Amino acid sequence: MAELETDYLVIGAGAVGMAFTDTLLDEDPDCHITIVDKHAKPGGHWNDAYSFVTLHQPSSTYGVNSMELCTNRVDTHGHNEGMYPLAKHAEILAYYEQLMNERFLPSGRVTYLPLSEYHEGHTVKGILSGETRQVNVRRKLVDGTYFQTSVPSTHKPAFEIADGTPFTIPGELPSLWKDADNLPEHFVILGAGKTAMDTAVWLLEAGVAADRIGWVRPRDSWMFNRKFLQPAEHHLDRLVDFQRRQMRAAAASESGDEMFAKLGEEGLMLRIDPQTKPEMFHFAVISEGEIEMLRRISQVYRQGRVTRIEPGKMHFASESVDVPARTMFIDCTASAVPFDARNNHRPFFDGDTITLQLAQAPFVPYSASLAAFLEANFDTDDEKNALTPPAPLTDTPSTYPAAFLSNLRSTGLLSQNEKTNAFNARSRLHPTGPAVAKMMAEGSPKLAAIADIGQVVKESMPGIMALGMKAFAEHNAAAPRETSVTKNQAQG
């Protein structure tokens, strides 16, 4: 059995593993890092995503600290017009491949093992070669698979599909032109999350009439309004106002639902159907233009989750519904982050293992980068874990105040520590740190936008604490028992 030597063995070459590795290379210039991933190229689940996917938040704080993802410009057309760019699928994959080939590998301090899977005992098996290697890990194993990201192309539907049923996934839609003489007459989207929304927008922009689209949407979702989440360098006032209004809404509410309703009235939160109370929140970000498009689809099925589909018919738990002939069903039911992963928290730092989770929700790359900084600059697990209590990635309006409170606590912890405060001031992945630091150095008048934020925090915190603790209780009551992470799962 061949042997390898490394300081850190990172499982996953996706957004998490790449952000961690990038920061560790800078913060610990003497370490060696080995990255193992099942995919043939870096980028993790982005390799499996549908071709028309984009980031749903501006690209300014996604990727890694050392390299910008998108040029700093404003989109001039489409539903993101007037806002800063959202990296597209091809751009994201090219970004990570460039990062690996032009920064990581040339450093001489990174070994990359694609098409490989990790097994217990620090062994790595080549998927195609079958070769097994033993890795001597001098320092720590870094688990970048905590989020267990699922996409339609790797997801197994939880419903039955009768033989002969026209069925597809979003990634196959752009290839429909290849069979132009046998196109579907009707489409039914299965799923209510961001993938389903992306698919609906794609169909409409491709010229499919809204009355030819049905949508199984048992639950509606609240979403952040993208115009309030533009890069801090250009719109610090909007970001701070967004935070200020969230704090005031939380402090004045008895529940997360009430908080979201207040934010919805102010336009900070968006929903597709104004007459339907959203029961879901997955931190999605959307534009007002996309919402207008989605509202054109009027055939919405709310009978619950589909249990079986067949030509011309779909079945729910207690009802069956006829659909037009030659209907193609599109599966958008994959859960980006399974509920089990959202709630099986463990310490970031635990002896010889680092589990990359969320320090602040939903900032995945930033949290991984922060973990690398802490690993290189603090001595004990106790010190590091005190600065990174895992944040809950909640999934309903009623539990969101728990994540909101957790983020405020994290901001306080990190800003009060000299090292982490300095890191945030230079971290490209931090939503406001570099912009505020630059404005302070220049004495910018834009800083007036945050002059009252301390007072707002002081006035709002008692109400935020009460609401957040109530949400934590609900969130924890729904959480499954902790289980160990399966190391040979899909990585990235």
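## A four-stranded open sheet

Let's start with strand 7 (residues 160-161), which runs parallel to strand 15 (residues 306-310) and is joined to strand 15 by 2 bridges. In this pairing, Glu160 sits opposite Arg308 of strand 15. Keep in mind as you look around that this is a predicted model.

Strand 15 also pairs with strand 16 (residues 313-316), this time in the antiparallel sense and over 4 bridges. Here Glu310 faces Lys313 of strand 16. The hairpin made by strand 15 and strand 16 has 2 residues between the strands, and Gly312 takes a positive phi near 75 degrees there.

Step back and you can see how these pieces fit together: 4 strands form an open sheet in the order 7-15-16-17, with mixed pairing. Strand 7 and strand 17 (320-322) stand at the edges with a single partner strand each, so one side of each has no neighbour in the sheet.

## Strand 6 and its partners

Now turn to strand 6 (residues 132-143). Which strands pair with strand 6, and in what sense? Strand 1 (residues 2-11) runs parallel to strand 6, and 9 bridges join the two. Strand 20 (residues 353-355) is also paired with strand 6 in the parallel sense, over 3 bridges. Strand 5 (residues 123-126), by contrast, pairs with strand 6 in the antiparallel sense, over 3 bridges.

Val142 is a handy landmark in strand 6. Val10 stands opposite Val142, and in strand 20 the bridge partner of Val142 is Ile354. General background helps here: strands of a sheet pair through backbone hydrogen bonds, either parallel or antiparallel.

On the antiparallel side, Lys125 stands opposite Thr132 of strand 6. Strand 5 and strand 6 form a hairpin with 5 residues between them, and Gly130 in the turn has a positive phi of about 75 degrees.

## The second largest pocket

Next, look for open space. Rolling a probe the size of a water molecule over the atoms shows where empty space is left. The second largest pocket holds about 480 Å³ of space. Its lining has 23 residues, and the closest to the pocket centre are Thr54, His79, Asn80, Lys88 and Glu205.

Which elements give two or more residues to this lining? They are helix 3 (194-205) and helix 6 (288-294). Helix 3 provides the largest share of the lining, 6 residues. By type, the lining residues of the second largest pocket divide into 8 nonpolar, 7 polar and 8 charged.

## The buried side of helix 11

Finally, visit helix 11 (residues 418-426), where the buried residues are Thr420, Phe423 and Asn424. Why do they lie on the same side of helix 11? They cover an arc of only 95 degrees around the axis, which puts them on the same side of the helix. This goes with a general rule: an α-helix has 3.6 residues a turn, so residues three or four places apart point the same way.

What covers the buried residues of helix 11? The cover includes helix 1 (15-27), helix 8 (364-377), helix 9 (381-387), helix 10 (400-416) and helix 12 (433-442).

Terms used:
Residues numbered from 1 in each chain as written. Predicted model: local features only at pLDDT ≥ 70, side-chain atom pairs only at ≥ 80, totals over all residues. Heavy atoms only, no water. Pairing = 2+ DSSP bridges. 1 Å grid on protein atoms, 1.4 Å probe; cavity = no way out; pocket = protein on both sides within 12 Å on 5 of 7 lines; lining within 4 Å. Points joined across faces, edges and corners; volume = space filled by probe spheres on them. Nonpolar A, V, L, I, M, F, W, Y, C, P; charged D, E, K, R; others polar. Buried < 20%, exposed > 50% of the residue type's maximum accessible area, 1.4 Å probe, protein only. Arc of directions from axis to C-beta. Contact = heavy atoms within 4.5 Å.
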